[in-house]
Amino acid sequence: MSSIVTSILSSTVGLLWNKARDSTAAKLKDGDITDEKIREIVVRDLNDIKTKLDGLARKDLLSSYNFLQEGVDFLNASLQKSKLDQKALANETLDDRGETSTMPSCGQSGILSEAIELSQAMGKLKCNSDEKYESAKERFKKARERATDAFSTETLVLKDKIFAAKLRIVSEMLECLDRPETAITGCLSFLKKFHSLPAIQEIFTVYLNGGIKSMLNKSERVENVKSVMLINYVLFQYVSKFSSKYSFDLLLSMPTIELPDRSFSPMLDWQEVATRKSMGKELTQYPSKRTLIDEEIRPLVCAVNSHGDIITVSYSDEILVIFFKTGECKVVQLPEPREGKVIEQRNIKGIAVDNNSDVYVVVRLTNGDVKNFVLHVLDENYHVKHDSCTLDFMDANFVCRVSIAINKNNNIIMIKGRDPHVYICDNTGKLQHKFEHDSSGRPSLGISEQDKIITSSGDLEAMVTFSEEGNLKSTVKLPEGHKIFGVAYHYVIRKIIVLTRVEKNNSYFLLCYTEAGDLETSTFFCKDIDDEFIKITSHPRGSVAVVREKSITFI
(Lines give C-alpha, C1' and ligand atoms only; values in the text may rest on other atoms or scores of the structure.)
Protein backbone atom coordinates (compact mmCIF):
# COMPACT_ATOMS: atom_id res chain seq x y z
CA MET A 1 0.00 0.00 0.00
CA SER A 2 2.88 2.40 0.63
CA SER A 3 4.08 2.06 -2.97
CA ILE A 4 1.87 4.83 -4.33
CA VAL A 5 2.91 7.18 -1.50
CA THR A 6 6.54 6.37 -2.26
CA SER A 7 5.88 7.03 -5.95
CA ILE A 8 4.52 10.51 -5.21
CA LEU A 9 7.39 11.16 -2.81
CA SER A 10 10.07 10.25 -5.36
CA SER A 11 8.46 12.15 -8.24
CA THR A 12 8.07 15.34 -6.20
CA VAL A 13 11.67 15.25 -5.00
CA GLY A 14 12.63 14.54 -8.61
CA LEU A 15 11.14 17.93 -9.50
CA LEU A 16 13.58 19.67 -7.16
CA TRP A 17 16.36 18.06 -9.20
CA ASN A 18 14.69 19.14 -12.47
CA LYS A 19 13.78 15.56 -13.29
CA ALA A 20 10.21 15.00 -14.47
CA ARG A 21 10.39 11.23 -14.30
CA ASP A 22 11.16 9.16 -11.24
CA SER A 23 14.58 10.58 -10.42
CA THR A 24 15.37 7.69 -8.12
CA ALA A 25 14.60 4.80 -10.44
CA ALA A 26 17.20 5.95 -12.94
CA LYS A 27 19.86 5.61 -10.26
CA LEU A 28 19.05 2.00 -9.52
CA LYS A 29 20.37 -0.93 -11.49
CA ASP A 30 17.98 -3.31 -13.21
CA GLY A 31 16.14 -5.57 -10.84
CA ASP A 32 13.50 -5.35 -8.13
CA ILE A 33 13.20 -1.94 -6.51
CA THR A 34 11.86 -1.92 -2.99
CA ASP A 35 9.96 1.00 -1.50
CA GLU A 36 12.53 1.20 1.29
CA LYS A 37 15.38 1.51 -1.22
CA ILE A 38 13.59 4.27 -3.12
CA ARG A 39 12.95 6.19 0.10
CA GLU A 40 16.61 5.85 1.07
CA ILE A 41 17.60 7.46 -2.22
CA VAL A 42 14.98 10.21 -1.75
CA VAL A 43 16.61 11.11 1.58
CA ARG A 44 20.05 11.07 -0.05
CA ASP A 45 18.80 13.30 -2.86
CA LEU A 46 17.42 15.77 -0.33
CA ASN A 47 20.76 15.87 1.46
CA ASP A 48 22.54 16.52 -1.84
CA ILE A 49 20.20 19.40 -2.64
CA LYS A 50 20.73 20.78 0.88
CA THR A 51 24.48 21.05 0.30
CA LYS A 52 23.78 23.22 -2.75
CA LEU A 53 21.49 25.47 -0.73
CA ASP A 54 23.75 25.95 2.25
CA GLY A 55 25.57 28.78 0.54
CA LEU A 56 22.36 30.73 0.03
CA ALA A 57 21.42 33.44 2.48
CA ARG A 58 17.68 33.10 1.90
CA LYS A 59 16.03 32.60 5.24
CA ASP A 60 12.54 31.52 4.12
CA LEU A 61 13.84 29.36 1.29
CA LEU A 62 16.21 27.45 3.59
CA SER A 63 13.55 27.25 6.31
CA SER A 64 11.06 25.77 3.85
CA TYR A 65 13.59 23.24 2.66
CA ASN A 66 14.50 22.20 6.22
CA PHE A 67 10.83 21.64 7.07
CA LEU A 68 10.38 19.63 3.86
CA GLN A 69 13.35 17.45 4.75
CA GLU A 70 11.99 16.85 8.27
CA GLY A 71 8.57 16.04 6.83
CA VAL A 72 10.07 13.40 4.54
CA ASP A 73 11.90 11.85 7.50
CA PHE A 74 8.66 11.65 9.52
CA LEU A 75 6.76 10.29 6.51
CA ASN A 76 9.37 7.57 5.99
CA ALA A 77 9.19 6.65 9.68
CA SER A 78 5.41 6.59 9.46
CA LEU A 79 5.47 4.34 6.40
CA GLN A 80 7.90 1.95 8.07
CA LYS A 81 5.82 1.73 11.27
CA SER A 82 2.63 1.24 9.26
CA LYS A 83 4.26 -1.62 7.36
CA LEU A 84 5.40 -3.37 10.56
CA ASP A 85 1.97 -2.96 12.19
CA GLN A 86 0.21 -4.36 9.12
CA LYS A 87 2.54 -7.38 9.10
CA ALA A 88 1.75 -8.06 12.75
CA LEU A 89 -1.97 -7.70 12.09
CA ALA A 90 -1.77 -10.04 9.09
CA ASN A 91 -0.02 -12.72 11.19
CA GLU A 92 -2.72 -12.53 13.85
CA THR A 93 -5.66 -12.66 11.41
CA LEU A 94 -4.58 -14.77 8.46
CA ASP A 95 -8.16 -15.68 7.68
CA ASP A 96 -9.28 -12.03 7.37
CA ARG A 97 -8.61 -11.20 3.71
CA GLY A 98 -10.76 -8.09 3.46
CA GLU A 99 -8.42 -5.60 5.12
CA THR A 100 -5.15 -6.99 3.82
CA SER A 101 -6.07 -7.27 0.17
CA THR A 102 -7.90 -4.14 -0.88
CA MET A 103 -6.04 -3.37 -4.08
CA PRO A 104 -8.44 -2.45 -6.89
CA SER A 105 -8.96 -4.96 -9.68
CA CYS A 106 -7.04 -4.77 -12.94
CA GLY A 107 -10.24 -3.97 -14.76
CA GLN A 108 -10.56 -0.52 -13.19
CA SER A 109 -9.33 2.53 -15.05
CA GLY A 110 -5.80 3.76 -14.28
CA ILE A 111 -6.90 7.05 -12.75
CA LEU A 112 -9.55 5.43 -10.57
CA SER A 113 -7.17 2.67 -9.47
CA GLU A 114 -4.46 5.11 -8.38
CA ALA A 115 -6.93 7.38 -6.59
CA ILE A 116 -8.46 4.42 -4.73
CA GLU A 117 -5.02 3.03 -3.92
CA LEU A 118 -3.85 6.37 -2.50
CA SER A 119 -7.03 6.73 -0.43
CA GLN A 120 -6.65 3.22 0.99
CA ALA A 121 -2.94 3.69 1.66
CA MET A 122 -3.53 6.95 3.54
CA GLY A 123 -6.35 5.39 5.53
CA LYS A 124 -4.02 2.63 6.73
CA LEU A 125 -1.21 5.10 7.34
CA LYS A 126 -3.35 7.26 9.63
CA CYS A 127 -4.69 4.22 11.48
CA ASN A 128 -1.34 2.54 12.02
CA SER A 129 1.00 5.49 12.49
CA ASP A 130 -1.09 8.48 13.42
CA GLU A 131 1.47 10.48 15.44
CA LYS A 132 4.35 10.30 12.97
CA TYR A 133 2.08 10.93 10.00
CA GLU A 134 0.57 14.02 11.67
CA SER A 135 4.08 15.29 12.41
CA ALA A 136 4.98 14.84 8.76
CA LYS A 137 1.86 16.77 7.69
CA GLU A 138 2.70 19.61 10.05
CA ARG A 139 6.27 19.87 8.66
CA PHE A 140 4.96 19.88 5.07
CA LYS A 141 2.46 22.59 5.99
CA LYS A 142 5.25 24.76 7.42
CA ALA A 143 7.39 24.05 4.34
CA ARG A 144 4.53 25.25 2.14
CA GLU A 145 4.04 28.41 4.20
CA ARG A 146 7.76 29.28 4.21
CA ALA A 147 8.00 28.61 0.47
CA THR A 148 5.04 30.93 -0.09
CA ASP A 149 6.77 33.64 1.94
CA ALA A 150 9.99 33.16 -0.02
CA PHE A 151 8.10 33.30 -3.31
CA SER A 152 6.48 36.58 -2.25
CA THR A 153 9.85 38.22 -1.55
CA GLU A 154 10.26 40.79 -4.32
CA THR A 155 14.05 40.93 -4.05
CA LEU A 156 14.47 37.19 -4.64
CA VAL A 157 16.24 36.48 -7.94
CA LEU A 158 14.28 34.50 -10.54
CA LYS A 159 16.23 31.26 -10.12
CA ASP A 160 15.46 31.23 -6.38
CA LYS A 161 11.85 32.27 -7.01
CA ILE A 162 11.44 29.26 -9.29
CA PHE A 163 12.95 27.00 -6.62
CA ALA A 164 10.52 28.51 -4.09
CA ALA A 165 7.69 27.62 -6.49
CA LYS A 166 8.92 24.03 -6.66
CA LEU A 167 9.08 23.81 -2.86
CA ARG A 168 5.59 25.35 -2.60
CA ILE A 169 4.03 22.78 -4.97
CA VAL A 170 5.97 19.76 -3.65
CA SER A 171 5.10 20.63 -0.03
CA GLU A 172 1.39 20.95 -0.76
CA MET A 173 1.28 17.64 -2.64
CA LEU A 174 2.90 15.87 0.32
CA GLU A 175 0.87 17.79 2.91
CA CYS A 176 -2.37 16.70 1.24
CA LEU A 177 -1.59 13.05 0.49
CA ASP A 178 -4.93 12.20 2.11
CA ARG A 179 -6.74 14.98 0.19
CA PRO A 180 -5.31 15.11 -3.36
CA GLU A 181 -8.21 17.21 -4.68
CA THR A 182 -7.27 19.92 -2.14
CA ALA A 183 -3.67 19.83 -3.34
CA ILE A 184 -4.84 20.07 -6.95
CA THR A 185 -6.91 23.18 -6.26
CA GLY A 186 -4.13 24.88 -4.30
CA CYS A 187 -1.34 23.98 -6.73
CA LEU A 188 -3.25 25.05 -9.85
CA SER A 189 -4.19 28.33 -8.20
CA PHE A 190 -0.55 28.94 -7.30
CA LEU A 191 0.63 27.92 -10.77
CA LYS A 192 -1.58 30.62 -12.27
CA LYS A 193 0.14 33.24 -10.05
CA PHE A 194 3.54 31.80 -10.91
CA HIS A 195 2.85 32.05 -14.66
CA SER A 196 1.70 35.66 -14.25
CA LEU A 197 5.12 36.80 -13.02
CA PRO A 198 6.51 39.34 -15.54
CA ALA A 199 9.92 37.64 -15.26
CA ILE A 200 8.43 34.26 -16.28
CA GLN A 201 6.60 35.84 -19.21
CA GLU A 202 9.80 37.62 -20.24
CA ILE A 203 12.05 34.53 -20.29
CA PHE A 204 9.53 32.59 -22.41
CA THR A 205 9.06 35.50 -24.80
CA VAL A 206 12.81 35.78 -25.35
CA TYR A 207 13.37 32.00 -25.46
CA LEU A 208 10.61 31.35 -27.99
CA ASN A 209 11.03 34.43 -30.19
CA GLY A 210 14.83 34.79 -30.18
CA GLY A 211 16.45 38.12 -31.01
CA ILE A 212 19.42 39.93 -29.50
CA LYS A 213 18.27 39.35 -25.92
CA SER A 214 18.29 35.59 -26.46
CA MET A 215 22.10 35.64 -26.80
CA LEU A 216 22.53 37.00 -23.27
CA ASN A 217 22.44 34.71 -20.20
CA LYS A 218 21.46 31.86 -22.50
CA SER A 219 22.34 28.89 -20.27
CA GLU A 220 20.58 30.38 -17.23
CA ARG A 221 17.49 31.11 -19.32
CA VAL A 222 17.43 27.54 -20.63
CA GLU A 223 17.56 26.16 -17.08
CA ASN A 224 14.77 28.49 -15.95
CA VAL A 225 12.55 27.56 -18.89
CA LYS A 226 13.25 23.88 -18.28
CA SER A 227 12.30 24.27 -14.60
CA VAL A 228 8.99 25.93 -15.46
CA MET A 229 8.18 23.22 -18.02
CA LEU A 230 8.93 20.45 -15.51
CA ILE A 231 6.86 22.11 -12.77
CA ASN A 232 3.94 22.01 -15.19
CA TYR A 233 4.71 18.43 -16.23
CA VAL A 234 4.87 17.02 -12.69
CA LEU A 235 1.71 18.87 -11.67
CA PHE A 236 -0.10 17.72 -14.82
CA GLN A 237 0.83 14.08 -14.13
CA TYR A 238 -0.36 14.44 -10.53
CA VAL A 239 -3.66 16.04 -11.52
CA SER A 240 -4.28 13.51 -14.29
CA LYS A 241 -3.93 10.68 -11.75
CA PHE A 242 -6.19 12.11 -9.05
CA SER A 243 -8.65 14.30 -10.93
CA SER A 244 -11.81 13.20 -12.72
CA LYS A 245 -11.01 15.35 -15.76
CA TYR A 246 -10.31 13.66 -19.08
CA SER A 247 -6.68 14.22 -20.22
CA PHE A 248 -7.33 16.55 -23.17
CA ASP A 249 -9.89 18.53 -21.18
CA LEU A 250 -7.25 18.81 -18.45
CA LEU A 251 -4.63 19.93 -20.98
CA LEU A 252 -6.94 22.71 -22.11
CA SER A 253 -7.61 23.87 -18.53
CA MET A 254 -3.98 24.04 -17.36
CA PRO A 255 -2.83 27.63 -16.65
CA THR A 256 -1.09 29.37 -19.56
CA ILE A 257 1.73 31.92 -19.77
CA GLU A 258 0.60 35.16 -21.40
CA LEU A 259 3.06 36.36 -24.05
CA PRO A 260 2.78 39.60 -26.05
CA ASP A 261 1.44 37.82 -29.14
CA ARG A 262 -0.33 34.74 -27.70
CA SER A 263 -1.03 32.43 -24.78
CA PHE A 264 1.60 29.73 -24.30
CA SER A 265 0.53 26.45 -22.70
CA PRO A 266 3.52 24.50 -21.32
CA MET A 267 1.58 21.26 -21.70
CA LEU A 268 -0.18 21.72 -25.03
CA ASP A 269 2.80 23.54 -26.54
CA TRP A 270 5.29 21.09 -25.01
CA GLN A 271 6.98 20.17 -28.27
CA GLU A 272 7.69 23.80 -29.15
CA VAL A 273 10.20 23.80 -26.29
CA ALA A 274 11.07 20.11 -25.98
CA THR A 275 12.32 19.76 -29.55
CA ARG A 276 14.87 22.57 -29.29
CA LYS A 277 18.51 21.52 -29.17
CA SER A 278 19.17 23.67 -26.10
CA MET A 279 16.90 21.41 -24.05
CA GLY A 280 18.97 18.32 -24.80
CA LYS A 281 17.20 15.15 -23.67
CA GLU A 282 15.65 16.56 -20.51
CA LEU A 283 12.15 16.98 -21.98
CA THR A 284 11.94 13.86 -24.13
CA GLN A 285 8.86 12.64 -22.26
CA TYR A 286 5.53 13.92 -23.58
CA PRO A 287 2.56 14.95 -21.39
CA SER A 288 0.08 12.80 -23.32
CA LYS A 289 0.54 9.34 -24.85
CA ARG A 290 2.96 9.45 -27.78
CA THR A 291 4.19 6.46 -29.80
CA LEU A 292 7.20 6.50 -32.08
CA ILE A 293 6.94 4.06 -34.97
CA ASP A 294 9.57 2.32 -37.08
CA GLU A 295 7.30 1.45 -39.99
CA GLU A 296 6.94 3.88 -42.89
CA ILE A 297 3.26 4.74 -43.08
CA ARG A 298 0.92 6.96 -45.08
CA PRO A 299 -0.73 9.06 -42.35
CA LEU A 300 -3.32 10.57 -44.69
CA VAL A 301 -4.98 7.13 -44.91
CA CYS A 302 -5.63 6.10 -41.32
CA ALA A 303 -8.26 5.65 -38.61
CA VAL A 304 -8.30 4.90 -34.87
CA ASN A 305 -10.42 2.19 -33.26
CA SER A 306 -12.04 1.94 -29.82
CA HIS A 307 -8.86 0.43 -28.31
CA GLY A 308 -6.67 3.29 -29.55
CA ASP A 309 -5.08 1.08 -32.24
CA ILE A 310 -4.21 2.90 -35.46
CA ILE A 311 -5.25 1.29 -38.75
CA THR A 312 -3.17 2.76 -41.56
CA VAL A 313 -1.34 1.89 -44.78
CA SER A 314 2.32 1.24 -45.60
CA TYR A 315 3.99 2.66 -48.69
CA SER A 316 3.85 -0.86 -50.14
CA ASP A 317 0.04 -0.55 -49.84
CA GLU A 318 -0.45 -3.03 -47.02
CA ILE A 319 -2.93 -2.36 -44.22
CA LEU A 320 -1.11 -2.02 -40.89
CA VAL A 321 -2.60 -2.14 -37.41
CA ILE A 322 -0.38 -0.33 -34.89
CA PHE A 323 -1.40 -1.49 -31.43
CA PHE A 324 -1.84 1.22 -28.79
CA LYS A 325 -0.51 -0.80 -25.84
CA THR A 326 2.68 -2.11 -27.42
CA GLY A 327 3.37 -0.06 -30.55
CA GLU A 328 3.74 -3.33 -32.46
CA CYS A 329 2.43 -3.69 -36.02
CA LYS A 330 0.26 -6.32 -37.67
CA VAL A 331 -0.33 -6.68 -41.42
CA VAL A 332 -3.95 -7.16 -42.48
CA GLN A 333 -4.68 -8.78 -45.84
CA LEU A 334 -7.57 -7.62 -47.98
CA PRO A 335 -9.50 -10.32 -49.89
CA GLU A 336 -8.07 -11.27 -53.27
CA PRO A 337 -10.00 -10.28 -56.42
CA ARG A 338 -12.67 -12.70 -57.58
CA GLU A 339 -11.42 -15.68 -59.56
CA GLY A 340 -10.63 -14.82 -63.16
CA LYS A 341 -10.46 -11.07 -62.50
CA VAL A 342 -7.07 -9.53 -63.30
CA ILE A 343 -6.00 -6.45 -61.34
CA GLU A 344 -2.95 -4.53 -62.51
CA GLN A 345 -2.81 -2.14 -59.59
CA ARG A 346 -4.51 -1.77 -56.21
CA ASN A 347 -4.20 1.38 -54.06
CA ILE A 348 -5.85 1.92 -50.70
CA LYS A 349 -7.38 5.41 -50.65
CA GLY A 350 -9.43 5.62 -47.45
CA ILE A 351 -10.03 3.92 -44.08
CA ALA A 352 -12.65 4.38 -41.35
CA VAL A 353 -13.76 2.50 -38.21
CA ASP A 354 -17.34 2.52 -36.89
CA ASN A 355 -18.65 2.33 -33.34
CA ASN A 356 -18.70 -1.49 -33.51
CA SER A 357 -15.03 -1.59 -34.59
CA ASP A 358 -15.88 -2.68 -38.14
CA VAL A 359 -13.26 -1.40 -40.59
CA TYR A 360 -14.19 0.24 -43.91
CA VAL A 361 -11.54 0.34 -46.64
CA VAL A 362 -11.86 2.10 -50.02
CA VAL A 363 -9.50 0.73 -52.69
CA ARG A 364 -8.81 2.07 -56.18
CA LEU A 365 -8.43 -0.79 -58.65
CA THR A 366 -6.81 -0.44 -62.08
CA ASN A 367 -7.23 -2.91 -64.90
CA GLY A 368 -6.02 -1.38 -68.18
CA ASP A 369 -8.18 1.64 -68.89
CA VAL A 370 -10.80 0.56 -66.39
CA LYS A 371 -10.55 2.14 -62.95
CA ASN A 372 -12.95 1.66 -60.04
CA PHE A 373 -13.31 2.40 -56.36
CA VAL A 374 -14.25 -0.66 -54.31
CA LEU A 375 -15.41 -0.78 -50.66
CA HIS A 376 -14.30 -3.62 -48.37
CA VAL A 377 -15.81 -4.06 -44.89
CA LEU A 378 -13.91 -6.05 -42.23
CA ASP A 379 -15.06 -6.98 -38.74
CA GLU A 380 -13.18 -6.11 -35.55
CA ASN A 381 -10.89 -9.13 -36.08
CA TYR A 382 -10.13 -7.93 -39.63
CA HIS A 383 -12.07 -10.75 -41.30
CA VAL A 384 -14.28 -10.03 -44.30
CA LYS A 385 -17.74 -9.07 -43.09
CA HIS A 386 -19.55 -9.11 -46.44
CA ASP A 387 -18.82 -8.99 -50.15
CA SER A 388 -17.01 -5.97 -51.53
CA CYS A 389 -19.02 -3.27 -53.28
CA THR A 390 -18.01 -1.29 -56.38
CA LEU A 391 -18.55 2.44 -55.85
CA ASP A 392 -19.45 3.21 -59.42
CA PHE A 393 -20.93 6.58 -58.50
CA MET A 394 -17.42 8.00 -57.85
CA ASP A 395 -15.05 8.88 -60.68
CA ALA A 396 -11.87 6.81 -60.26
CA ASN A 397 -9.98 8.25 -63.24
CA PHE A 398 -8.14 10.76 -61.08
CA VAL A 399 -5.86 9.64 -58.24
CA CYS A 400 -7.26 11.28 -55.11
CA ARG A 401 -7.65 10.36 -51.47
CA VAL A 402 -11.12 9.43 -50.17
CA SER A 403 -12.17 10.55 -46.69
CA ILE A 404 -14.67 8.24 -44.96
CA ALA A 405 -16.75 8.62 -41.80
CA ILE A 406 -19.52 6.52 -40.23
CA ASN A 407 -22.46 8.16 -38.44
CA LYS A 408 -24.75 6.87 -35.69
CA ASN A 409 -27.08 5.27 -38.22
CA ASN A 410 -24.12 3.31 -39.62
CA ASN A 411 -24.40 5.24 -42.86
CA ILE A 412 -21.12 5.80 -44.69
CA ILE A 413 -20.22 9.37 -45.61
CA MET A 414 -17.53 9.82 -48.28
CA ILE A 415 -15.73 12.80 -49.80
CA LYS A 416 -13.16 12.47 -52.58
CA GLY A 417 -10.55 15.10 -53.41
CA ARG A 418 -11.54 17.40 -56.29
CA ASP A 419 -15.04 15.90 -56.30
CA PRO A 420 -17.87 18.43 -55.73
CA HIS A 421 -20.12 15.91 -53.93
CA VAL A 422 -20.62 14.44 -50.48
CA TYR A 423 -21.84 10.84 -50.84
CA ILE A 424 -24.15 9.16 -48.31
CA CYS A 425 -24.26 5.34 -48.50
CA ASP A 426 -25.69 2.54 -46.41
CA ASN A 427 -23.29 0.29 -44.50
CA THR A 428 -22.72 -1.93 -47.54
CA GLY A 429 -21.69 0.93 -49.81
CA LYS A 430 -24.97 1.36 -51.72
CA LEU A 431 -25.51 5.04 -52.58
CA GLN A 432 -28.54 6.60 -50.86
CA HIS A 433 -28.07 10.20 -51.96
CA LYS A 434 -25.45 12.89 -52.57
CA PHE A 435 -25.21 16.66 -52.27
CA GLU A 436 -22.80 19.31 -53.48
CA HIS A 437 -20.13 21.07 -51.47
CA ASP A 438 -17.15 23.32 -52.14
CA SER A 439 -14.48 20.68 -52.78
CA SER A 440 -10.73 20.80 -52.32
CA GLY A 441 -7.78 18.56 -53.12
CA ARG A 442 -7.36 17.82 -49.41
CA PRO A 443 -10.68 16.35 -48.24
CA SER A 444 -11.34 16.63 -44.48
CA LEU A 445 -14.26 14.84 -42.86
CA GLY A 446 -15.65 14.35 -39.37
CA ILE A 447 -18.99 13.48 -37.76
CA SER A 448 -20.21 15.30 -34.65
CA GLU A 449 -22.19 13.77 -31.80
CA GLN A 450 -25.32 15.27 -33.36
CA ASP A 451 -24.43 13.59 -36.69
CA LYS A 452 -23.44 16.83 -38.38
CA ILE A 453 -21.02 16.35 -41.27
CA ILE A 454 -17.89 18.46 -40.69
CA THR A 455 -15.64 19.36 -43.59
CA SER A 456 -13.62 22.26 -45.01
CA SER A 457 -14.28 24.97 -47.57
CA GLY A 458 -12.59 24.77 -50.98
CA ASP A 459 -9.95 27.32 -49.97
CA LEU A 460 -9.35 25.46 -46.64
CA GLU A 461 -9.92 28.69 -44.70
CA ALA A 462 -13.28 27.78 -43.14
CA MET A 463 -14.91 24.87 -41.33
CA VAL A 464 -18.26 23.91 -42.88
CA THR A 465 -21.00 21.71 -41.37
CA PHE A 466 -23.95 20.03 -43.08
CA SER A 467 -26.86 17.86 -42.02
CA GLU A 468 -27.00 14.33 -43.43
CA GLU A 469 -29.61 15.59 -45.87
CA GLY A 470 -27.16 18.16 -47.22
CA ASN A 471 -28.50 21.28 -45.52
CA LEU A 472 -25.77 23.81 -44.74
CA LYS A 473 -25.63 24.33 -40.98
CA SER A 474 -22.68 26.66 -40.48
CA THR A 475 -19.57 28.15 -42.02
CA VAL A 476 -16.90 29.12 -39.50
CA LYS A 477 -13.99 31.22 -40.71
CA LEU A 478 -10.62 30.16 -39.27
CA PRO A 479 -8.17 32.64 -37.73
CA GLU A 480 -6.17 34.51 -40.34
CA GLY A 481 -3.33 32.49 -41.87
CA HIS A 482 -4.71 29.09 -40.81
CA LYS A 483 -5.64 26.42 -43.37
CA ILE A 484 -7.45 23.19 -42.52
CA PHE A 485 -5.42 19.99 -42.71
CA GLY A 486 -7.92 17.80 -40.86
CA VAL A 487 -10.98 17.75 -38.60
CA ALA A 488 -12.07 15.33 -35.86
CA TYR A 489 -14.82 15.31 -33.28
CA HIS A 490 -13.70 14.68 -29.69
CA TYR A 491 -16.60 12.62 -28.32
CA VAL A 492 -15.46 12.82 -24.68
CA ILE A 493 -15.25 16.61 -24.32
CA ARG A 494 -17.81 17.19 -27.12
CA LYS A 495 -15.63 19.58 -29.08
CA ILE A 496 -14.49 19.83 -32.69
CA ILE A 497 -10.70 19.67 -33.05
CA VAL A 498 -9.37 21.25 -36.24
CA LEU A 499 -5.81 20.53 -37.35
CA THR A 500 -4.47 23.58 -39.19
CA ARG A 501 -1.25 24.73 -40.79
CA VAL A 502 0.10 28.28 -40.72
CA GLU A 503 2.44 28.77 -43.65
CA LYS A 504 4.03 31.94 -42.26
CA ASN A 505 5.74 30.10 -39.41
CA ASN A 506 5.58 26.61 -40.95
CA SER A 507 3.65 25.20 -37.99
CA TYR A 508 0.64 23.00 -37.22
CA PHE A 509 -1.98 24.01 -34.66
CA LEU A 510 -4.94 22.37 -32.94
CA LEU A 511 -8.01 24.64 -32.80
CA CYS A 512 -10.74 23.61 -30.36
CA TYR A 513 -14.31 24.65 -31.32
CA THR A 514 -17.69 24.12 -29.71
CA GLU A 515 -20.36 22.56 -31.90
CA ALA A 516 -21.85 26.05 -32.16
CA GLY A 517 -18.63 27.15 -33.89
CA ASP A 518 -17.05 29.19 -31.08
CA LEU A 519 -13.24 29.02 -30.97
CA GLU A 520 -12.09 28.12 -27.45
CA THR A 521 -8.35 27.54 -27.83
CA SER A 522 -5.64 27.71 -30.48
CA THR A 523 -2.64 25.56 -29.59
CA PHE A 524 0.69 25.01 -31.30
CA PHE A 525 1.19 21.31 -32.05
CA CYS A 526 4.43 20.93 -34.01
CA LYS A 527 6.64 22.35 -36.73
CA ASP A 528 6.16 21.09 -40.28
CA ILE A 529 9.32 19.12 -41.08
CA ASP A 530 10.05 18.58 -44.79
CA ASP A 531 6.37 18.87 -45.76
CA GLU A 532 5.54 15.67 -43.88
CA PHE A 533 2.04 14.21 -44.06
CA ILE A 534 -0.21 14.54 -41.02
CA LYS A 535 -3.80 13.67 -40.10
CA ILE A 536 -6.11 13.88 -37.08
CA THR A 537 -8.59 11.05 -36.48
CA SER A 538 -11.07 10.09 -33.75
CA HIS A 539 -13.41 7.31 -32.65
CA PRO A 540 -16.84 7.55 -30.94
CA ARG A 541 -15.51 5.63 -27.92
CA GLY A 542 -13.11 8.50 -27.16
CA SER A 543 -9.77 7.88 -28.88
CA VAL A 544 -8.30 10.92 -30.67
CA ALA A 545 -4.93 10.76 -32.41
CA VAL A 546 -2.71 12.94 -34.55
CA VAL A 547 -0.82 10.63 -36.91
CA ARG A 548 2.47 11.62 -38.54
CA GLU A 549 4.90 9.61 -40.62
CA LYS A 550 7.03 8.61 -37.62
CA SER A 551 4.83 9.23 -34.59
CA ILE A 552 1.32 8.96 -33.18
CA THR A 553 0.15 11.42 -30.51
CA PHE A 554 -3.03 10.68 -28.53
CA ILE A 555 -4.87 13.71 -27.17
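Buried, in this talk, means under 20% relative accessible area, exposed means over 50%, and partly exposed is in between, with a 1.4 Å probe and protein chains only. By that scale Arg139 is partly exposed, with a relative accessible area of 22%.

Before going on, some housekeeping. This is a predicted model, in which local features need pLDDT of at least 70 and side-chain atom pairs count only at pLDDT 80 or more, while totals for chains, interfaces and linings use all residues. Residues are numbered from 1 along each chain as its sequence is written, and side-chain values use heavy atoms, with hydrogens and water left out.

I will start with salt bridges. Side chains of opposite charge can pair when their charged atoms come close. Here a salt bridge is a side-chain nitrogen of Lys or Arg within 4 Å of a carboxyl oxygen of Asp or Glu. The count under this rule is 14 salt bridges.

Arg139 is in one of them, with Glu70, at 2.9 Å from N to O. This pair links distant parts of the chain: Glu70 is in helix H3 (residues 59-92), Arg139 is in helix H5 (residues 130-151), and 69 residues separate them. Glu70 is also partly exposed, at 33% relative accessible area. When I say helix or strand, I mean a DSSP run, H or I with at least four residues for a helix, E with at least two for a strand, numbered from the N terminus.

Next is a pair inside a single helix. Glu172 and Arg168 form a salt bridge with an N to O distance of 2.4 Å. They are four residues apart in helix H6, so about one helical turn separates them. An α-helix has 3.6 residues a turn, so residues three or four places apart point the same way. Both Glu172 and Arg168 are buried.

That fits the setting, since H6 as a whole is mostly covered, with 17 of its 18 residues buried. H6 runs over residues 158-175 and reaches 25 Å from its first C-alpha to its last, close to the expected 26 Å. The expected span is 1.5 Å times one less than the number of residues.

The third pair is Glu449 with Arg494, whose closest N and O atoms are 3.0 Å apart. Both sit in loops: Glu449 between strands S16 (446-447) and S17 (453-456), Arg494 between strands S20 (482-490) and S21 (495-502), 45 residues apart. Glu449 is partly exposed, with 26% relative accessible area, and Arg494 is partly exposed too, with 48%. Elsewhere, salt bridges that share partners join Lys137, Asp178 and Arg179 into one network.

Now a charged residue without a partner. How far from Arg221 is the nearest side chain of opposite charge? That side chain is Glu202, 7.0 Å away, and Arg221 has no salt bridge although it is buried. In this count Lys and Arg are positive, Asp and Glu are negative, and His and the chain ends are not counted. Arg221 is in helix H9 (residues 218-242). Beyond four places in sequence, Arg221 touches Ile203, Val206, Tyr207, Lys213, Ser214 and Leu216, where contact means heavy atoms within 4.5 Å.

On to the nonpolar cores. A nonpolar core is a set of buried Ala, Val, Leu, Ile, Met, Phe, Trp, Tyr and Cys residues joined through side-chain atoms within 4.5 Å. The largest has 81 residues, and Phe194, Ile200, Phe204, Val273 and Ile536 have the most contacts inside it. H9 gives the most to this core, 13 residues. Phe204 is in contact with residues including Val225, Val228 and Met229, its neighbours within four places left aside. Another core, apart from that one, has 26 residues, among them Ile415, Val422, Ile454 and Leu478.

Why do Cys176 and Cys187 not form a disulfide? Their sulfurs are 7.7 Å apart, which is too far for a bond. A disulfide is a pair of cysteine sulfur atoms within 2.5 Å, and the whole structure has zero. Cys176 is buried at 2% relative accessibility, and Cys187 is buried at 0%.

Last, backbone angles. Most residues other than glycine have a negative phi. Tyr382, not a glycine, has a positive phi of about 70°. Tyr382 is in the loop between strands S10 (370-378) and S11 (384-390), and is buried at 12% relative accessibility. Asn506 also has a positive phi, about 55°. Asn506 lies in the loop between S21 and strand S22 (507-513) and is partly exposed, at 30%.
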